[in-house]
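The following note is offered to a colleague beginning to read protein structures. Please keep the structure in view while going through the numbered points.

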Amino acid sequence: MAYELEEIRSSQEIFYFLLENHELREEDEPLMYKAYTEQESVQNLVKSQGDIAGSNIERYGNVIYLIPREENNFLGFSKVQLKATLCKSNATDKDYYLSQFVILTLLVEFYDGQGSSSKAREYMRVGELQNCISQRLKEGAESIGESGENQGIAFSNMLEAYEALRSDEKGSRAKTTKEGFLHHILIFLQKQGLVDYVEQDEMIKTTKKLDNFMDWNLLNQNNYQRVLRVLGVTENE
């Protein structure tokens with residue numbers, strides 16, 4: 001299929017904007033948004049550029065997102081980068097998987113995968129999240145006995161890593177404490193535009209970006225039930 005020069009240029013402008021900002025909102029860039037949504041040729045070109053860059057271009061509501069694929073360490077984050085950002089120095093794989101378990105737990109607490117919107121609550125306290133993590137790790141480790149593995153998740157190893165973190169009621173920001181560990185994860189999620197973390201109130205809220213992503217992409221019933229099985233959550237809980 002032959003493309004006009006203007007279509008190619010328009011698609012390049014949109015893709016470059018997405019590379020810089022990771023999202024394009026109709027209210028902020030109405031001309032580029034209109035070109036993408038109303039011209040199939042431009043949309044195909046943008047998606048093709050995204051595919052070459054190891055990313056998906058998706059529109060949820062009135063926002064177009066650039067979403068790096070799992071293996072994309074250039075536009076996304078590698079395991080090494082995430083471990084350095086989220087975990088204490090000299091962290092092991094147990095610490096890294098614990099950080100991912102924390103994020104999964106937060107998602108399950110906010111979204112239930114039911115109804116027209118998957119969102120189940122508006123906010124959550126940090127202390128409540130900390131209690132949920134501790135409870136789910138202990139339940140997971142107890143339910144699988146000595147093997148320590150369920151659905152590929154080493155609950156006993158993550159529980160060991162979590163209990164190795166000190167508790168500090170003064171609200172330490174050190175990654176060697178439970179409070180500091182959660183703090184750095186929440187700050188990271190906030191920088192990605194996924195949560196609003198109100199530190200003074202120790203309150204967590206999700207953003208519209210995360211709500212849209214969960215509703216439109218992640219939380220179809222197959223994905224949601226898989227997450228529940230991994231976390232050991234029963235359907236009638």
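1. The model is predicted. A useful place to begin is the hairpin of E5 and E6, which has four residues between its strands. In this hairpin, Glu202 takes a positive phi near 50 degrees.

2. The two strands of the hairpin, E5 and E6, run antiparallel and are joined by four bridges. Within this pairing, Tyr197 has Ile204 in E6 as its bridge partner. In general, the strands of a sheet pair through backbone hydrogen bonds, in either a parallel or an antiparallel sense.

3. Which strands form the open sheet, and in what order? Three strands take part, in the order E4-E6-E5, with antiparallel pairing. The edge strands are E4 (124-125) and E5 (195-198), each of which pairs on one side only.

4. Strand E6 (residues 203-206) also pairs with E4, in the antiparallel sense and over two bridges. Here Met124 stands opposite Ile204 in E6, while Arg125 stands opposite Met203 in E6.

5. Helix H5 (residues 93-110) lies across E4 and E6. Its direction is at about 70 degrees to E6.

6. Is His183, in helix H8 (residues 178-191), buried or exposed? His183 is buried because its relative accessible area is 8%, which is under the 20% cut-off.

7. The side chains of His183 and Tyr197 are joined by a polar contact of 3.2 Å. Apart from neighbours within four places in sequence, His183 is in contact with Arg173, Tyr197 and Glu199. Tyr197 thus deserves a second look, as the bridge partner of Ile204 in E6.

Methods. Residues are numbered from 1 along each chain as its sequence is written. This is a predicted model: local features need pLDDT of at least 70, side-chain atom pairs count only at pLDDT 80 or more; totals for chains, interfaces and linings use all residues. Side-chain values use heavy atoms; hydrogens and water are left out. Two strands pair if DSSP finds at least two bridges between them. Contact means heavy atoms within 4.5 Å. Axes are lines fitted to C-alpha atoms, for helices over the stretch in contact, and angles run from 0 to 180 degrees between N-to-C directions. Buried means under 20% relative accessible area, exposed over 50%, partly exposed in between (1.4 Å probe, protein chains only). A polar contact is a pair of N or O atoms within 3.5 Å; within protein, one must be able to donate a hydrogen and the other to accept it, and residues adjacent in sequence count only if both atoms are side-chain atoms.
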